[in-house]
Amino acid sequence: MLRMSSFLFHLDPILLDKVDREFCINVEEDQVLNITFTPSATPFGSYGFINGIEIVSMPTNLYYRSLGSIIGRQNTFSLENNKALETVYRLNVGGEEIPPDKDTNMFRRWLLDYDYCSYIGALPVNTSINVSFGHIPNYTAPAAVYQTARSMGNNKTINYSYTLTWNLPVDPEFMYMVRLHFCEFQSQITKPSDRQFQIFIANYTAEAYADVIAWSGGNGVPTYKDYFVFVDQDSEKKRNLSIALYPNPETATLYSDAILNGIEVFKLSDPVDNLAGLNPDPVMTLPPSIPQLPEKLKSNVRNLILFCSF
């Protein structure tokens with residue numbers, strides 16, 4: 001039985017519009033999917049509820065069977081279907097939000113990345129390019145993900161002065177799969193080493209020589225890379241999972257730049273089939289205070305009251 005978190009019971013319902021959670025689990029043909037909501041033991045009087053449930057089938061190997069390196073370690077990791085996944089982030093980097101009905105028939109929502117990126121950089125767009133899904137299946141992500149991106153820009157002096165970074169708060173003590181989507185659609189990038197850069201995840205080097213053309217085989221051809229990282233516990237209930245890009249030296253690349261089209265981050269269930277992180281600290285809601293009147297108005301009211309009482 002998979003255990004999920006009760007992450008919302010401390011949040012102020014007045015501040016919430018709606019919340020949805022997305023999980024990926026494997027169900028065999030002879031199995032029944034049971035979903036149970038159980039109120040938390042604390043605080044007293046807790047209750048559980050749900051407004052709606054959607055169940056969507058997906059290709060078997062869309063996320064499962066992914067093979068990637070474990071960041072900060074020397075070995076690789078294969079994601080088997082005995083693990084459950086919780087979608088933590090799905091971002092259309094540099095582009096607009098993509099609603100579920102514009103996804104590849106799996107009703108995924110691709111959100112903006114602006115709130116997580118530390119530097120605006122440049123926002124190249126090529127909506128006229130005919131994206132060629134020859135390297136990966138066409139259901140991997142919508143074509144729109146690969147027609148927009150975030151890069152560092154044309155000024156190499158500025159580019160070497162910072163890292164293009166995304167900071168994504170996550171629950172500690174879990175393994176995460178980070179899927180990065182790439183597509184070179186700018187006309188000047190056509191050969192290996194035209195744009196070569198470094199990728200850092202959780203402050204570890206994930207790729208020393210990232211080269212999208214070398215990975216995909218050509219301009220306008222999407223690809224992705226999967227990485228696995230374990231986020232350790234510290235004193236905080238949330239930790240930032242960082243993704244950073246930095247250009248390689250001029251001797252290794254024609255353009256001193258970096259590019260990223262999309263980000264997906266999934267939390268993997270732990271050895272006891274748990275996905276529940278720590279609940280956030282309670283939000284202290286103060287009672288509404290009595291509005292204070294301006295001094296001049298206070299004076300007028302005081303005189304009026306005195307007059308009436310007299």
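Three exercises with worked solutions follow, on a predicted model. Residues are numbered from 1 along each chain as its sequence is written. Local features need pLDDT of at least 70, side-chain atom pairs count only at pLDDT 80 or more, totals for chains, interfaces and linings use all residues, and side-chain values use heavy atoms, with hydrogens and water left out.

**Exercise 1.** Find which residues touch the most other members of the largest nonpolar core.

Solution. A nonpolar core is a set of buried Ala, Val, Leu, Ile, Met, Phe, Trp, Tyr and Cys residues joined through side-chain atoms within 4.5 Å. Buried means under 20% relative accessible area, exposed over 50%, partly exposed in between (1.4 Å probe, protein chains only). The largest core has 45 residues, and those touching the most other members include Trp 166, Leu 180 and Ile 263. A second, separate core has 14 residues, among them Tyr 63 and Met 106.

**Exercise 2.** Locate the two ends of the salt bridge between Lys 267 and Asp 171, and state whether they are buried or exposed.

Solution. A salt bridge is a side-chain nitrogen of Lys or Arg within 4 Å of a carboxyl oxygen of Asp or Glu. Here the closest N and O atoms are 2.7 Å apart. Strands (E, at least two residues) are DSSP runs, numbered from the N terminus. Lys 267 lies in strand 14 and Asp 171 in the loop between strand 7 and strand 8, 96 residues apart. Lys 267 is buried, at 2% relative accessibility, and Asp 171 is buried at 9%.

**Exercise 3.** Classify the partners in the salt bridge of Asp 194 and Lys 191 as buried or partly exposed.

Solution. The N to O distance is 3.8 Å. Asp 194, at 3% relative accessibility, is buried; Lys 191, at 47%, is partly exposed.

Methods
Helices (H or I, at least four residues) and strands (E, at least two) are DSSP runs, numbered from the N terminus.
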